[in-house]
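Take a slow look around the model before reading on. We'll go through it spot by spot, with a few questions along the way.

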Amino acid sequence: MALIDFLRELDEEVSTVVASDFEVEVVETKYVPTFDDSYITYDNLDSKIKRCKLLESCVLYVDIRNSARISAAKQPKTLAKMYSSFVRSMIAAARYFGGHVRNIIGDRVMVVFDQENCFENAVDTAILMNTISKHILNNRIKALDFRCGIGIDYGQMLITKAGAIRRGAETEFYRSLVWLGRPANTASRLTDLAHKTETSYLPGVAEGHHYPVTDKWGWYDYTYEQFLERLEITYSPQLRHKEPYFKTFFTKSIGPYKHTHPAILMSGVVHAGFVDARPSDSSIQQGWWRRQDIKVKDYAGDVYGGDVVFSAVYDL
């Protein structure tokens, strides 16, 4: 087929799908569908209909921190063992609390939960994954600090079938269930931040102190607030400082400050749902989930995090 004919044919197909008479049927569900769900269909260009499902529940992602750096540093055989152990362990953890693995891309595993008890199951799964990561994988995979990041969100997700029907050995590479909606995006972005060490700088002031006896200068960094607190109250244009050896100052960025986010991050709605479902849980009573000062793209709600593990690990 000539390229121009290919482009014209593809343009006709797209035009059919986006036309106003192309119908999309959406059915709500409480259960995580499989790829073979008969109600989720590809685009039917003849009948002009596509069927999807809508699930309101929790979605969780987990992946390995610094996987790109690890991949570059490790031998192929070691790398294969590490990834195999990680994926195998995360799948087992997801299934233990009734989760459904719905995507594995590299070192990232996606888990979705049936609606009933989804808050408890999702948080329990996250704790189990963190337990396995810290106390099994990190102990068994030598010569590196093995760490995982886990993110959870809750909300409505539209499940649709994407790809094309192909026959033969490459069938699986041309089709997938796609999970559309904010929860999947937010959970993925929380995973990107979980257990990640970030470096930041603050706007501040460098103070110069001159010591006349030794004729030496000392320079000290302070935040704006600290600098202002060190000034004396005055009603004249003259600057008066509480430090007798203060001579001058200039503004600068101070730092670096390093901060590592908790291994598990969840949206505010997941935290609230878990607290409501299990208020007496030890992680709640002990205050192990704390509100985090984290900015997540396209998400304006609260973020809670913790580095929680199951106590059973200490009996291993």
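Where does Asp215 lie? Keep in mind as you look that this is a predicted model. You'll find Asp215 in the loop between β7 and β8 (216-223). Asp215 has a relative accessible area of 56%, and since exposed means over 50%, Asp215 counts as exposed.

**Backbone oddities**

Asp215 is worth a second look for its backbone too. Most residues other than glycine have a negative phi, and most peptide bonds are trans. Asp215 isn't a glycine, yet its phi is positive, at about 55°. Lys48 also has a positive phi of about 55° without being a glycine. Lys48 sits in the loop between β1 and β2, and it is partly exposed, with 32% relative accessible area.

What kind of peptide bond joins Gly255 and Pro256? It's a cis bond, with omega at about 0°. Pro256 belongs to strand β9.

**Salt bridges**

How many salt bridges does the structure hold? The count is 17. Here are three of them, with the distance between the closest N and O atoms.

| Residue | Partner | N to O distance |
|---|---|---|
| Lys48 | Asp21 | 3.0 Å |
| Asp192 | Arg108 | 2.5 Å |
| Glu207 | Arg230 | 3.1 Å |

Let's start with the pair formed by Lys48 and Asp21. Lys48 is in the loop between β1 (23-29) and β2 (49-64), while Asp21 is in the loop between α1 and β1, so their salt bridge ties together parts that are 27 residues apart in sequence. Asp21 is partly exposed, at 44% relative accessible area, and Lys48 is partly exposed as well, at 32%.

Next come Asp192 and Arg108, which form a salt bridge of their own. This pair links distant parts of the chain: Asp192 is in helix α5 and Arg108 is in strand β4 (residues 108-112), 84 residues apart. Is Arg108 buried or exposed? Arg108 is buried, with a relative accessible area of 16%, whereas Asp192 is partly exposed at 35%.

The third pair is Glu207 and Arg230, whose side chains meet in a salt bridge. Glu207 lies in strand β7 and Arg230 in the loop between α6 (224-229) and β9 (246-260), so this bridge ties together parts that are 23 residues apart in sequence. Arg230 is partly exposed, at 22% relative accessible area.

There's a network to spot as well. Salt bridges with shared partners join Asp63, Arg65, Arg108 and Asp192 into one network.

**Two buried residues and their neighbours**

Stay with Glu207 for a moment. Its relative accessible area is 0%, which means that Glu207 is buried. Leaving out residues up to four places away in sequence, what does Glu207 touch? Its contacts include Trp219, Tyr220, Tyr222 and Phe227, and also Arg230, His241 and Phe246. For a sense of distance, try finding Ser282: Glu207 and Ser282 are 75 residues apart in sequence, and their C-alpha atoms are 47 Å apart in space.

Now move to His195, in the loop between α5 (182-193) and β7 (197-211). His195 has 11% relative accessibility, so it counts as buried. Apart from neighbours within four places in sequence, His195 is in contact with Arg65, Arg147, Cys148, Gly149, Thr260, His261, Pro262 and Ala263. You've met one of these already: Arg65 is in the salt-bridge network with Asp63, Arg108 and Asp192.

**A helix pair**

At what angle do helix α3 (residues 76-96) and helix α4 (residues 118-140) pack? The angle is about 145°, and their axes are 9 Å apart. The crossing of α3 and α4 is right-handed. Where they meet, α3 brings Ser85, Phe86, Ser89, Met90, Ala93, Ala94 and Tyr96, and α4 brings Thr125, Leu128, Met129, Ile132 and Leu137.

**A patch on the surface**

Last stop: the start of the chain. Met1 is placed in the segment before α1 (3-18), and it is exposed, with 70% relative accessible area. Met1 is also part of a nonpolar surface patch, together with Leu3, Ile4, Phe6, Leu7, Leu10, Val14 and Val18. Together, these residues have about 820 Å² of accessible area.

Technical notes
Residues numbered from 1 in each chain as written. Predicted model: local features only at pLDDT ≥ 70, side-chain atom pairs only at ≥ 80, totals over all residues. Heavy atoms only, no water. Patch = residues over 30% accessible without salt bridge, like charges linked within 9 Å, V, L, I, M, F, W, Y side chains within 5 Å. Areas by Shrake-Rupley, 256 points an atom, 1.4 Å probe, with all protein chains shown as cover. Salt bridge = Lys/Arg side-chain N within 4 Å of Asp/Glu carboxyl O. Helix = DSSP H or I, 4+ residues; strand = E, 2+ residues; numbered from the N terminus. Buried < 20%, exposed > 50% of the residue type's maximum accessible area, 1.4 Å probe, protein only. Axes fitted to C-alpha atoms, helices over the stretch in contact; angles between N-to-C directions. Left-handed = near helix turned anticlockwise from the far one by under 90°. Contact = heavy atoms within 4.5 Å.
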